[in-house]
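Let's take a friendly walk through a protein model together. We will look at its pockets, its cysteines and one threonine.

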Amino acid sequence: MPILSSSGSKMAACGGTCKNKLSPQGPPPAPPNGLYLARKALKGLLKEAEKELKKAQRQGELMGCLALGGGGEHPELHRPGPPPPPLRAAPLLPPGARGLPPPPPLPPPLPPRLREETEEQESTCPICLGEIQNAKTLEKCRHSFCEGCITRALQVKKACPMCGRFYGQLVGNQPQNGRMLVSKDATLLLPSYEKYGTIVIQYVFPPGVQGAEHPNPGVRYPGTTRVAYLPDCPEGNKVLTLFRKAFDQRLTFTIGTSMTTGRPNVITWNDIHHKTSCTGGPQLFGYPDPTYLTRVQEELRAKGITDD
């Protein structure tokens, strides 16, 4: 057929170029670069995140509805837990005992042998070491003695033979014409007590003659003046009160031989140590001395001077 032959010849003549014109194709696309891939991945992640967020919001709304009692319960959102333990009645407490710790347990009873030894000690007089006759118990320390034994002991020294606690008032032989003068200086600071002022104690004794209670009655003694220092703190003022008691009971000084000069028949300290210097430490009878206030109270207690 001429038409087919002519068209076939024309296609053959154009060498196949007409086919290209009938179905044109552009150049092949360039491969995607790294930025394009990153953006695509980021968009995908954002979409997934939005989905998860919406899902979480829906679950939160559903849980809120369930908590308020609206709607049915979802088996996955509300699974039945284990049953609660049975309630037990609280033990009854005596009135006023609520919230208090339990009382300490009672000590176990003493073994028979130890109990017998304790009873035997309580029935033995510490002075004569015999069985107590007409027992007399001292009021303050509660130590017991034979009435006759403790009566004779208190005539010698008005103190418990067991613990040394004084009964009655101990009076010394300090000269009676002395004076104790007290003043306070806020500008004088003692080492270790810099935030307090200082209590200044001045003892003044004129010369006199020894009496019957002194080592050499009728012998004259020279006058003297002594100065001592205390910190103006609460404990220092407590010691000051005890010093006044000791001075009024004539216990602060006595008449004897001076340990520093060796002179006899002079007024000397009577074993109640005072700080006669502001500085220098214990070696120079001054401060700092951290345990001085405690030690001097022990010395005063040994003479029956206490704050009670």
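## Pockets, cysteines and a threonine

By class, the lining of the second largest pocket is made up of three nonpolar, six polar and five charged residues. Here Ala, Val, Leu, Ile, Met, Phe, Trp, Tyr, Cys and Pro count as nonpolar, Asp, Glu, Lys and Arg as charged, and the others, Gly among them, as polar. This is a predicted model, in which local features need pLDDT of at least 70, side-chain atom pairs count only at pLDDT 80 or more, and totals for chains, interfaces and linings use all residues. Residues are numbered from 1 along each chain as its sequence is written, and side-chain values use heavy atoms, with hydrogens and water left out.

A pocket is an open set of points on a 1 Å grid over the protein atoms alone, where a 1.4 Å probe fits, with protein on both sides within 12 Å along at least five of seven lines; lining residues have an atom within 4 Å of a point. Its volume is the space filled by probe spheres set on the points, which are joined across faces, edges and corners.

| Pocket | Volume | Nearest its centre |
|---|---|---|
| Largest | about 650 Å³ | R226, M259, T260, T268 and W269 |
| Second largest | about 300 Å³ | K140, F166, G304, T306 and D308 |

The largest pocket is lined by 22 residues: seven nonpolar, 12 polar and three charged. Which element gives the most to this lining? Strand β9 does, with four residues. Strands here are DSSP runs of E, at least two residues long, numbered from the N terminus.

Now for the cysteines. A disulfide is a covalent bond between the sulfur atoms of two cysteines. Counting pairs of cysteine sulfur atoms within 2.5 Å, a search of the whole structure finds zero disulfides. Why does C160 have no such bond? The closest cysteine sulfur, in C141, is 3.6 Å from that of C160, so it is too far away. C160 is also buried (under 20% relative accessible area, with a 1.4 Å probe and protein chains only), at 3%. C278 counts as buried too, at 17%.

Finally, meet T198, which sits in strand β4 (residues 198-205). T198 is buried, with a relative accessible area of 0%. Its side chain reaches the backbone oxygen of L188 at 2.4 Å. Leaving out residues up to four places away in sequence, T198 touches (heavy atoms within 4.5 Å) several residues, including S183, D185, L188, Y229 and D232.

Definitions and conventions: Buried < 20%, exposed > 50% of the residue type's maximum accessible area, 1.4 Å probe, protein only. Polar contact = N/O pair within 3.5 Å; in protein donor to acceptor, adjacent residues only side chain to side chain.
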